[in-house]
Amino acid sequence: MPDSSARDILVLAAHPDLGRSNTTRAVLQALRASPAAGRVELRDLYRLYPDFHIHVETEQRALEAARLVVMVHPIYWYSMPALQKLWLDEVLRLGWAYGPGGTALHGKDFWLVVSTGGGPESYNPTGHNHHLIDEFLLPYQQSAKTCGMHYLPPQILHAAHRASDADIDAHAQLFAKRLLHYPDWCQSLAAPEVGDEEAVALDERPPMFSPLDAGDAE
């Protein structure tokens, strides 16, 4: 197991009302109580940036220091909460995270830990949501791939609103256990695809969004 004194895991928590959360709050409480906490930098985005004014350089430094980047949040309208999306747009900049010269995240692992309102039965072609959950998570997977990261299988708690205390606790404890034993549990799951990182490094596509002007305050 790696040196627990090294903060090699970055956890990005994004819940707009954490005080009323059951699942996300339990996950973060399990982290704080775990021996894994010593190797984790936890960034609660809604606490850090209540005005949605993200300090890009600070976030990039936290990413650079991490081997594993974890996003923890509920799924809102088949996607991520608004501040997490703004973080993605502003922090993962062209020339830093992707595109020509954008190699800052190459080789790092990306792990998604989320909860949904719908049960697993609703995520299939005949269910309420008409698609598998993996299809809704494709933007996460492609974003990780574009940045040269290894996309790990996500940990998902379905039907979080109806989940028992025991189910929520099991989800939270599994999260903490996997952080404690990183990277042992995921090494066989995150093998990079041959040629992916080189292709991303040489990517000449236009930016996915317009970067902020260099003179903008951060």
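The lining of the largest cavity in this predicted model is made up, by class, of eleven nonpolar residues and one polar residue, with no charged residues. About 110 Å³ of space lies in this cavity, and its lining consists of L63, V69, M71, W87, L88, L92, L105, F110, Y140, S143, A144 and M149. Three elements, β3 (68–74), α4 (82–91) and α6 (138–146), each contribute at least two of the lining residues, and the largest share, three residues, comes from α6.

A search of the whole structure finds two cavities of 30 Å³ or more. The second largest encloses about 30 Å³ of space and is bordered by T23, T24, V27, V72, H73, V113, V114, S115 and H171. Here the lining divides into four nonpolar and five polar residues, again with no charged ones, and at least two residues are supplied by each of α1 (23–33), β3 and β4 (109–115). Strand β3 thus appears in both accounts, with at least two residues in the lining of the largest cavity and at least two in that of the second largest.

The largest pocket has a volume of about 470 Å³. Its lining comprises 21 residues, of which P74, I75, T116, G117 and H161 are the closest to the centre of the pocket. By class, that lining holds seven nonpolar, twelve polar and two charged residues.

On the surface, Y76, W77 and Y78 form a nonpolar patch, with a combined accessible area of about 410 Å². Y78 is placed in the loop between β3 and α4, and its relative accessible area of 35% makes this residue partly exposed. L137, which is found in the loop between α5 (133–136) and α6, counts as buried because its relative accessibility is 3%, under the 20% limit. Although L137 and M80 are 57 residues apart in sequence, their C-alpha atoms are 9.8 Å apart in space.

The structure holds seven salt bridges. Side chains of opposite charge can pair when their charged atoms come close, and three of the pairs are set out below.

| Salt bridge | Closest N to O distance | Relative accessible area |
|---|---|---|
| E41 and R43 | 3.1 Å | E41 26%, R43 10% |
| K85 and D89 | 2.7 Å | K85 38%, D89 26% |
| E121 and R162 | 4.0 Å | R162 58% |

In the pair formed by E41 and R43, E41 counts as partly exposed at 26% relative accessibility, whereas R43 is buried, with a relative accessible area of 10%. K85 and D89 both belong to helix α4, where they stand four residues apart, about one turn of the helix; K85 is partly exposed at 38%, and D89 is partly exposed at 26%. The side chains of E121 and R162 meet in a salt bridge of 4.0 Å, N to O. This pair links distant parts of the chain, with E121 in the loop between β4 and α5 and R162 in the loop between β6 (155–157) and α7 (165–180), 41 residues apart. R162 counts as exposed because its relative accessibility of 58% is over 50%. Beyond these pairs, D8, R39 and R67 are linked in a network of salt bridges.

Conventions: Residues numbered from 1 in each chain as written. Predicted model: local features only at pLDDT ≥ 70, side-chain atom pairs only at ≥ 80, totals over all residues. Heavy atoms only, no water. 1 Å grid on protein atoms, 1.4 Å probe; cavity = no way out; pocket = protein on both sides within 12 Å on 5 of 7 lines; lining within 4 Å. Points joined across faces, edges and corners; volume = space filled by probe spheres on them. Nonpolar A, V, L, I, M, F, W, Y, C, P; charged D, E, K, R; others polar. Patch = residues over 30% accessible without salt bridge, like charges linked within 9 Å, V, L, I, M, F, W, Y side chains within 5 Å. Areas by Shrake-Rupley, 256 points an atom, 1.4 Å probe, with all protein chains shown as cover. Buried < 20%, exposed > 50% of the residue type's maximum accessible area, 1.4 Å probe, protein only.
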